[in-house]
Amino acid sequence: MAAPLRALLRPAARAAAAALPRARLPPPLRAPRGARGCSAGAAFQYLLVQKTGAQKNVGLIQLNRPQALNALCEGLMAELRRALEAMESDPEVGAIVLTGSQKAFAAGADIKEMQNKTFQECYSSGFLAGWDKVSVVRKPIIAAVNGYALGGGCELAMMCDIIYAGEKAQFGQPEILLGTIPGAGGTQRLTRAVGKSLAMEMVLTGDRISAKEAKEAGLVSKIYPVEKLLDAAIACAEKIASNSKLVTAMAKESVNAAFETTLTEGNRTEKRLFYATFATSDRKEGMTAFVEKRKANFTDS
């Protein structure tokens, strides 16, 4: 069994988990009908990268390290940054879906890689700093989470803009059980999403919450059956991608300001971006289409 999951499972579950190495892990999710490869440079070792949707305007990135339950090693995260950069620069892509397997979105950071790191190494290299790439992509990202989203996996999902969860998904920040704390935004984003009390409980005990609990707490937007989750996330991404890419980026920036600034500053950002839409052809097209009772044809990218 992958070290990240072994370290994160509750003691009562360890005996059952010990059987996992002998069990056949589920295959990677099959690409949706009509998906095609995305031109993103050299082939990926830890990812499956495609463009999908009826208009091929959705970027689909699947974490593909099944033997380690998608543990987030440095190689995987480097590939993820490269894939996101390719999606960001692709004019066809209007939204991105990030997913894992049905068993694990990501069971955590790769503990074997960080086990022997020193303070000096972490500090001088800015360890985990590169993970922030996910949170600064201007195109919307939807996390489609099935199975385990623990530690770094939970943090990765929270860096996305929308989280859809499968019915059996589990979220947690169990770093305390390893003698450390979350290091990629877990204490910050989780607190903003679910409030201080629940975030403190999860961080201090290492306990996980179910998809249902995550939705009730505001961490997850919607819950779907496991086998329907990816299609639902892609459908949402297609709907987003059908809007103006330029104005969508403005809207994302404005919503993010609500978490990162004061109310006064956030309102000032919103107003500035609202005014800015009046300099775009898509704003004119959208309002004209509304008045003429037809579908808008957005062209700004």
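Let's start with F278, which sits in the loop between α13 (263-277) and α14 (281-291). Bear in mind, everyone, that we're looking at a predicted model. So, is F278 buried, exposed or something in between? Its relative accessibility is 41%, and because the partly exposed class runs from 20% to 50%, F278 counts as partly exposed. F278 also has company: together with F274, Y275 and M287 it makes a nonpolar surface patch of about 440 Å².

Now let's zoom out to the whole chain for a moment. You'll find 14 helices and eleven strands. Of the 301 residues, 46% are buried. The accessible surface comes to about 15600 Å², and carbon and sulfur atoms account for 54% of that. For those of you who like contact maps: take the contacts between residues at least 6 apart in sequence, and 68% of them join residues at least 24 apart.

Next, please rotate to the sheet with the order β5-β7-β9-β10. This sheet is open, has four strands, and its pairing is mixed. Which strands stand at the edges? They are β5 (104-106) and β10 (208-210); each has a single partner strand, so one side of each lacks a neighbour in the sheet. From one strand to the next, the twist averages 20°.

Let's follow β10 to its partner. Strand β9, residues 170-172, runs antiparallel to β10, and three bridges join the two. Within that pair, F171 is placed opposite I209 of β10.

One last view, friends: helix α7, residues 152-159, lies across β5, β7 (148-150) and β9. Relative to β7, helix α7 runs at about 95°. Thanks for listening!

How values were computed: Residues numbered from 1 in each chain as written. Predicted model: local features only at pLDDT ≥ 70, side-chain atom pairs only at ≥ 80, totals over all residues. Heavy atoms only, no water. Pairing = 2+ DSSP bridges. Axes fitted to C-alpha atoms, helices over the stretch in contact; angles between N-to-C directions. Contact = heavy atoms within 4.5 Å. Patch = residues over 30% accessible without salt bridge, like charges linked within 9 Å, V, L, I, M, F, W, Y side chains within 5 Å. Areas by Shrake-Rupley, 256 points an atom, 1.4 Å probe, with all protein chains shown as cover. Salt bridge = Lys/Arg side-chain N within 4 Å of Asp/Glu carboxyl O. Buried < 20%, exposed > 50% of the residue type's maximum accessible area, 1.4 Å probe, protein only.
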